[in-house]
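Biologist: Thanks for sitting down with me over this one. Could you walk me through how its parts hold on to each other?

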There are 2 protein chains.
Amino acid sequence: MLGILGGMGPMATVDFMSKIVRNTPASRDQDHIQMVVCSATDVPDRTAAILGQGSDPFPAMLNALRRLELSGATRIAIPCNTAHHWHGALQAETSVPILHIVDAVADALSRQRTTPTLGMLATDGTVHAGIYQQRLTERGYVCVMPDAKAQAEVMRAIRLVKAGLTDEAAGILGREAEALAAKGCSHIAMACTEIPLALAAFDGDIGAALLDPTDLLAQACVRSCLATPQEMVREVA
Amino acid sequence: MLGILGGMGPMATVDFMSKIVRNTPASRDQDHIQMVVCSATDVPDRTAAILGQGSDPFPAMLNALRRLELSGATRIAIPCNTAHHWHGALQAETSVPILHIVDAVADALSRQRTTPTLGMLATDGTVHAGIYQQRLTERGYVCVMPDAKAQAEVMRAIRLVKAGLTDEAAGILGREAEALAAKGCSHIAMACTEIPLALAAFDGDIGAALLDPTDLLAQACVRSCLATPQEMVREVA
């Protein structure tokens, strides 16, 4: 049983679940993966907390984790890049494995024929916390971040997507992706759930392959669940 | 905390969750309703069971209900029309209120200025079990079903949607909806999750208002949760 620690935000969780369903080879309801999902919208803003401007989201995330454990989850995924800042702290609280979104990206990179260099498009919180840089460097990958001015443009674009101004955001994100490609990035990670929505509307040639980390995490979850079906369901009391 | 007894099928559950999110007045993650969702894909086929051709889905549904209770759900919704055949049996097992999809439809009808007559487009299972007819008649509404030949066409169209042949299904469902309108129906309930996907592509004038029961159930859930926010979260052990 796959547990999803979600609600950050709620529509990103819905999108992640649809990616789980679409990535599952199934011809009838009963072929699909069993899931239990906590849409924990009470979790305070993650970027604000990382930047020291908001309350600690960990207690609410831990509460959602406990609900997933009680429901019988045998592995857990978190469809929010920034929330992975608390991945280690959450994993320390449970014996249920929590898949890491950056591992899903690194595993995808490891399947490339040449050595990839990864450019990052993400929120200030994800960048500031070093969520991708640290784990990818440990795995031997080079991770290229936008400079401060470019990062400000990326954040402006993310806010435009949230305000529904997708076309304007697409232009900004397309240019920043092109700039990362020009710096030698072979791949660009769209490491905020708003970014793929906008970049889909960009019709230029970025010059690098786009990676969608939540889709890669969904694929990793499906592989993990289908590899050990006997573990998929744990009886509840 | 809204509990969703889902997975019947999994994509219909994803669609229902997105309807919950879209129907919630919110400007940030924290304004959204907390949800716990069981995508119980182990529940056997509901229509097959109603027609005496499949195993009993009740034990697996009850297991999912228990998981939702353990997770702290204070009200529950089931985004599957046919599964409502077991609504009473499930409600008898729990003190947590389970909202009924037909009540959501009846409540929408009660807000009409004139007395509505409801035409039904649904699976053989939903029709055979009398899920809509019985509850709507109790509420004083007239419920008009397609005749046997027309019902066979509706089922054919539902199977076409499942096979991805939406355009062909749209023509069939549009004609059957027009036929119900010609019989005096002021409203048509699209009481199977596949039907709205196809009827959206029908460009004729049906001559009756189309109702989407899962969207009405989502609206009822949002109203119920926002009316008693203090009940929304029950602490788990």
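Biologist: Let's start with two charged residues: is A:Lys19 buried or exposed, and how about A:Asp212?

Modeller: First, a word on the ground rules: this is a predicted model, where local features need pLDDT of at least 70, side-chain atom pairs count only at pLDDT 80 or more, and totals for chains, interfaces and linings use all residues. Residues are numbered from 1 along each chain as its sequence is written, chains are lettered from A and ligands numbered from 1 in the order in which they are written, and side-chain values use heavy atoms, with hydrogens and water left out. "Buried" stands for under 20% relative accessible area, "exposed" for over 50% and "partly exposed" for anything in between (1.4 Å probe, protein chains only). On that scale, A:Lys19 and A:Asp212 are both buried.

Biologist: And how many residues apart in sequence are the parts that A:Lys19 and A:Asp212 tie together?

Modeller: Their side chains form a salt bridge at 2.9 Å, N to O, the term being a side-chain nitrogen of Lys or Arg within 4 Å of a carboxyl oxygen of Asp or Glu. Helices (H or I, at least four residues) and strands (E, at least two) are DSSP runs numbered from the N terminus. A:Lys19 belongs to helix α1 (residues 10–22) of chain A and A:Asp212 to the loop between β7 (209–211) and α11 (213–227) of chain A, so the distance in sequence between the tied parts is 193 residues.

Biologist: Which residue of chain B pairs with A:Asp29?

Modeller: The closest N and O atoms of this salt bridge are 2.9 Å apart. A:Asp29 sits in the loop between α1 and β2 (35–39) of chain A and its partner in helix α2 (residues 46–50) of chain B, so the pair joins two chains. That partner is buried, at 6% relative accessible area. The residue is B:Arg46.

Biologist: Which residues share a salt-bridge network in chain A?

Modeller: A simple pair makes a good warm-up: A:Glu69 and A:Arg66 bridge at 2.9 Å, and both lie in helix α3 (residues 58–70) of chain A, three residues apart, about one turn of the helix. A:Glu69 counts as buried at 19%, while A:Arg66 counts as partly exposed at 27%. The network, joined by bridges with shared partners, consists of A:Asp103, A:Asp107, A:Arg135 and A:Arg139.

Biologist: Now the pair of chains: which residue of chain A comes closest to the rotation axis?

Modeller: Superposing by least squares on the C-alpha atoms of residues with pLDDT of at least 70 in both copies, chain A lies on chain B with an RMSD of 0.0 Å after a turn of 180° and a shift of 0.0 Å along the axis. That is the relation of a two-fold axis. At 2.4 Å (C-alpha), the residue closest to this axis is A:Val37.

Biologist: Which element gives the most to the side of chain A that touches chain B?

Modeller: With contact taken as heavy atoms within 4.5 Å, each chain contributes 36 residues. The two bury about 2,900 Å² (accessible area lost with a 1.4 Å probe when parts are put together, summed over both), and A:Asp29, A:Thr41 and A:Arg67 supply 21% of chain A's share, more than any other three residues. There are also 12 residue pairs in polar contact, both at pLDDT 80 or more, meaning N or O atoms within 3.5 Å, where within protein one must be able to donate a hydrogen and the other to accept it, and residues adjacent in sequence count only if both atoms are side-chain atoms. α1, β2 and α3 of chain A each give two or more residues, and the leader, with seven, is α1(A).

Biologist: Within chain A, how much area is buried between domain 1 and domain 2?

Modeller: The assignment, automatic or from a database, gives domain 1 as 2–100 + 215–231 and domain 2 as 102–213. Their C-alpha centres lie 22 Å apart, and the contact takes 15 residues from domain 1 and 21 from domain 2. Carbon and sulfur atoms give 58% of the buried area, which totals about 1,500 Å².

Biologist: Last one: what is the omega of the peptide bond from A:Met8 to A:Gly9?

Modeller: Most peptide bonds are trans. A:Gly9 is placed in the loop between β1 (2–6) and α1 of chain A. The bond from A:Met8 to A:Gly9 is cis, with omega near -10°.
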